[in-house]
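This briefing introduces one protein chain to a reader who is new to structural work. Please keep the sequence and the structure in view while reading.

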Amino acid sequence: MDHHEQTKLMAIAQNFSPQQRIAGVSPFGSGNINDTFLVTVGLTEKGIETQSFILQRLNTNVFREPQLVMQNMRIYYEHVRDRLKDIPLDRRWIVPQILSTHQGKDYYQTENGEFWRSLSFIEDSQSFDVMENREQAREVGYALGTFHHLTSDLLPEKLADTLEGFHITPRYLLQYEEVLAKSNISRSPEVDNCLQIVSDRKGLAYILEDAKASGKLPLRTMHGDPKVNNILFDKQTNLAVSVVDLDTIKSGLVHYDLGDCLRSGCNPAGEEIENWESVEFNTELCEAILQGYLSTARSFLTEYDYDYIYDAIRVITFELGLRFFTDYLAGNVYFNVKYPEHNLLRSLVQFRLLESIEAQESEINQIIIKASK
Ligand code: ADP
Ligand code: GN1
Ligand code: MG
């Protein structure tokens, strides 16, 4: 980050902390959508750094109505805060707080339309891009189950839809077909592989939406983006302490959430690995995530919910592969990329993960049956 950028970010950060001297701003985390920074604040004249907060530039190309994102976050925050006051959890559990500007607003907009917000920093925590062992995997399952448990009485219709079509898999298929028809992408074995995988599996796109339409799966409050690096772990205890990245909370199927947690948590090679052919779905981690999830989510799940867990894993993996591939074909307009083929590589990873899930269908189903008992 150059000096000019640093000065600009410090001035923006100052709006969220008018009384204190901003000591520094540095890039933080590894998200694909927003730009995240850690701000350090010097509380004394000498500027000893004693506090931090998170500063984020919302991607307004993705979130066209960012005020609605903040409205949802506030509804969520207040709901969960009140619930935890009544029935606290038996562990450290933190809901990121929205910091107000000195004008009392939940966000700050620059003259050129950039949309900034700040959140309290969850101290002594860290996130992981991949799960390294069963204990961690169990914890991400617990964290998602806790999120669903704490929002099970938050009426989903109170939440605005901040990203139309998000996790409506048939919509992504339609978009893919439109983009493909216009694209003049050069063919390669990798591109052909992706084209074939999508063409063989179009039916997958309808499984969860059909279950929703027929009333088998109800609408609930969902997180929308519970991949493993959106779960924070306490550095001292190694226990999950928070769920972050709350931009996509909305009314939907919790299956997309559980599927997303499993597809990201059971891929120890990670989403960004170059050697995509080595990607495998790890069933031991799957078992641990499900055990953690069901330890808190069992109370509100129905018989049908269990029936669709396997489908949820393959549908969301297919959906994400399709989203990355479509974005590659469209010229990388949605996900942040580091080089032009980045989204192609990401889609190959997800599609290989999907093949591994399909190859282990009966084993995964056994794990689901065992965990549900
Ligand atoms: P993106 O939408 O780009 O993924 P996130 O909101 O997930 O942005 O933030 C990126 C990363 O920053 C997260 O994966 C997490 O590691 C870290 N992070 C976000 N919010 C907080 C917070 N309040 N406290 C500590 N770390 C955070
Ligand atoms: C994006 O923001 P981030 O990096 O946590 C994306 C998710 C994808 C994920 C894949 C709003 O999540 O849907 O599953 O990338 N978020 C949005 O890494 O599109
Ligand atoms: Mg994130």
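Donors of a metal are the N, O and S atoms within 2.8 Å of it, and because water is not among the atoms, a site may look incomplete. With that term in hand, the magnesium ion (ligand 3) has as its protein donors Asn230 (OD1) and Asp245 (OD), which lie 2.2 Å from the ion. The model described here is a predicted one.

**The magnesium site**

- The two donor residues are 15 residues apart and link distant parts of the chain.
- Asn230 belongs to the loop between β8 (220–222) and β9 (231–234), while Asp245 belongs to the loop between β10 (240–243) and β11 (250–252).
- Asn230 has a relative accessibility of 6%, under the 20% limit, and therefore counts as buried.
- Asp245 has a relative accessibility of 24%, so this residue counts as partly exposed.

**The chain as a whole**

- The chain contains 12 helices and 11 strands.
- Its radius of gyration is 21 Å, close to the 21 Å given by the globule rule for 373 residues, so the chain is as compact as a globular protein of that length.
- The C-alpha trace spans about 65 × 50 × 35 Å along its principal axes.
- Of the 373 residues in the chain, 55% are buried.
- When contacts between residues at least 6 apart in sequence are considered, 73% of them join residues at least 24 apart.

**Surface and charge**

- The chain exposes about 16800 Å², and carbon and sulfur atoms supply 48% of this area.
- The chain carries 36 positive and 54 negative charges, and the mean positions of these two sets are 3 Å apart.

**Backbone angles**

- Most residues other than glycine have a negative phi.
- Asp245, however, has a positive phi near 60° and is not a glycine.
- Asn332, also not a glycine, has a positive phi of about 60°.
- Asn332 sits in the loop between α10 (309–330) and α11 (342–359), and its relative accessibility of 21% means that it counts as partly exposed.

**Gly270 and its surroundings**

- Gly270 is placed in the loop between α7 (254–265) and α8 (283–297).
- With a relative accessibility of 7%, Gly270 counts as buried.
- Apart from neighbours within four places in sequence, Gly270 is in contact with Val130 and Val349.
- Gly270 and Met131 are separated by 139 residues in sequence, yet their C-alpha atoms are 8.8 Å apart in space.

How values were computed:
Residues are numbered from 1 along each chain as its sequence is written. Chains are lettered from A and ligands numbered from 1 in the order in which they are written. This is a predicted model: local features need pLDDT of at least 70, side-chain atom pairs count only at pLDDT 80 or more; totals for chains, interfaces and linings use all residues. Side-chain values use heavy atoms; hydrogens and water are left out. Helices (H or I, at least four residues) and strands (E, at least two) are DSSP runs, numbered from the N terminus. The radius of gyration is taken over C-alpha atoms; the globule rule is 2.2 Å times the number of residues to the power 0.38. Buried means under 20% relative accessible area, exposed over 50%, partly exposed in between (1.4 Å probe, protein chains only). Contact means heavy atoms within 4.5 Å. Accessible areas come from the Shrake-Rupley method with a 1.4 Å probe; for residues, only the protein chains shown count as cover. Lys and Arg count as positive and Asp and Glu as negative; His and the chain ends are not counted. The place of a charge is taken as NZ of Lys, CZ of Arg, CG of Asp or CD of Glu. Donors are N, O and S atoms within 2.8 Å of the metal (3.2 Å for Na, K and Ca); water is not among the atoms, so sites may look incomplete.
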